[in-house]
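Trainee: I've got a fresh model open and I'd like a quick tour. Start me off with a helix contact, then take me to the empty spaces.

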Amino acid sequence: AAFTGDGATSEGDFHEALNLAAVWKLPVLFVIENNQWGLSTPAHEQYACRHLADRGLGYGMPGVVVDGNDLLSVHRAVRRAAERARRGDGPTLLEFKTFRMRGHEEASGTDYVPQEQVEEWAKKDPVKRYEAFLVEKGLFTEADFGTIRAAYKARIDALADEAFLAPEPRSTVEEKLADVFAPSLLVPKAPTPEDEAGTRERRYVDAISDGLRTAMRRDDRVVLLGQDIAEYGGVFKVTEGFVEEFGKARVRNTPIIESGAIGCAIGLALGGHVPMVEMQFGDFITCGFNQIVNNLAKTHWRWGGRVPVVIRAPVGGGTGAGPFHSQCIESWFTAVAGIKVVAPATPYDAKGLLLAAFEDGNAGLYLEHKFLYRSARGRVPGGHYSIPIGQARVAREGNDATLVTYGVGVSWALEAAAELAREGREIEVIDLRSLSPIDFDTV
């Protein structure tokens, strides 16, 4: 059951979620608490339809309007929708008409609400209505309600006193920083002799594909989501042939949605899966920005939920792809607490860091530069190995100066260092590999 107010139904996330759930026939109850006001914006300034539930028809699901102040009506509507979901018939949009007698939050008050509307809804108080029903049926008396209220008031007062007497909470910077990420589950693993025996020359793009296959073979909780990644194999053919090996349940085409796919992945991760979302191009990640920085990155810090979600993003220029398919997006995310960002420069690291991202157990953004896909080649072991996240490597030794870079910049730096070496100057090149966290010790 996914809850929202009337105001948030205007957000794009709401519509992406309804569409995805309907297409996949997911067992979801979309619950709208329509209290008539989006903070201070009245319903007629928020939407033009008569009922928000009318939108359900456009997404291929029932839309049900319910008296949200009638306990029994709410119970009946939820039961029917849940039974439908459990049968495999898909989601339902439930709109509960209700009212908020207080401010959106304590500071805003209710001065903007017409008094006659407050008075009208006061007559529909759900507690009083249900009490009247119980008295009418002879199940309770007015005196019974007084006894119940007195008992609960005593319990609440005792708990409040206990809270007021509690010592002030204390914490340290170290404790707070430790809450940003769940403890890493990654145990870095060097290639075994058997893996080394399977080493072959691979392109960067093939190393990524090999890393995905390895992750999926090792852990059946891994699920891939993205646009055109199933039968088509993705626009860069990274997942070509995956449907044949792993099936449509684990390699899933999504509609053209970024926010909805990432939101779905968060739910999958909280439910025990290890999802990967492919951005068709890194530039499109802006359409899922809110889900990443305000939900995915903050979930563990807010309430301890572990969200092992990997987001793959093809980035960068040099391929003639134009302004909307060529941006480098790393700086948008390295300032966000709660998400790890890696940017491999070589085929060896492309596989090892991808497997590390899957195994770490935290939200991870995996940046793969498109120019490297078919230009970078290197020896890549078979089987499973992983590279520590947050550990840079010295790509070239040198004492005259140090170049610190990552991704496609590593190959540029090595070319420049080779030229300078012919002039007798030795330049050290550090490949960061990981942009968040950064290995400042090595630098």
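**Helix contact, pockets and cavities**

Mentor: On the helix 11 side, Ser259, Ile262, Gly263 and Ile266 meet Gln291, Ile292, Asn295 and Leu296 of helix 12 (contact is heavy atoms within 4.5 Å; helices are DSSP runs of H or I with at least four residues, strands runs of E with at least two, both numbered from the N terminus). Bear in mind that this is a predicted model, where local features need pLDDT of at least 70 and side-chain atom pairs pLDDT 80 or more, while totals for chains, interfaces and linings use all residues. Residues count from 1 along each chain as its sequence is written, and side-chain values use heavy atoms, without hydrogens or water.

Trainee: What's the mix of nonpolar, polar and charged residues in the contact of helix 11 with helix 12?

Mentor: Four nonpolar, four polar and no charged (Ala, Val, Leu, Ile, Met, Phe, Trp, Tyr, Cys and Pro are nonpolar, Asp, Glu, Lys and Arg charged, the others, Gly among them, polar).

Trainee: Okay, zooming out. How many helices and strands does the protein chain have?

Mentor: You'll find 16 helices and 18 strands in the protein chain. Its C-alpha trace spans about 95 × 55 × 40 Å along the principal axes. Looking at contacts with a separation of 6 or more, 80% of them in the protein chain are between residues 24 or more positions apart.

Trainee: Now the pockets. What volume does the largest pocket have?

Mentor: About 850 Å³ for the largest pocket. On a 1 Å grid over the protein atoms alone, a pocket is an open set with protein on both sides within 12 Å along at least five of seven lines, a cavity is where a 1.4 Å probe fits but cannot get out, and lining residues have an atom within 4 Å of a point. Points join across faces, edges and corners, and the volume is what probe spheres on them fill.

Trainee: Which residues sit nearest the centre of the largest pocket?

Mentor: Ala2, Ala17, Phe30, Gly263 and Gln291, out of 29 lining residues. Two or more residues each come from strand 1 (2-5), helix 1 (12-23), strand 2 (29-34), helix 11, helix 12 and helix 13. Helix 11 gives the most to that lining, with seven residues. By class, the lining of the largest pocket splits into 17 nonpolar, nine polar and three charged.

Trainee: And the second largest pocket, how much space lies in there?

Mentor: About 250 Å³ in the second largest pocket. It has 15 lining residues, with Asp219, Arg221, Val274, Phe358 and Glu359 closest to the centre. Helix 9 (204-218) and helix 15 are the elements that give two or more residues to that lining. The lining of the second largest pocket has seven nonpolar, three polar and five charged residues.

Trainee: What about enclosed space: how many cavities of 30 Å³ or more are there?

Mentor: Three cavities of 30 Å³ or more. The largest cavity holds about 60 Å³, and its 14 lining residues include Val180, His300, Val307, Gly338 and Asn362, which lie nearest its centre. Seven nonpolar, six polar and one charged residues make up the lining of the largest cavity. The second largest cavity has about 40 Å³; among its lining residues are Lys340, Asp360, Asn362 and Ile389.

Trainee: Back to His300: where does it lie?

Mentor: His300 is in helix 13 (residues 299-303). Leaving out residues up to four places away in sequence, His300 touches Ala178, Asp179, Val180, Phe181, Ala182 and Gly305.

Trainee: Why does His300 count as buried?

Mentor: Because its relative accessibility is 15% (buried is under 20%, exposed over 50%, partly exposed in between, with a 1.4 Å probe and protein chains only). Across the 443 residues of the protein chain, 46% count as buried.
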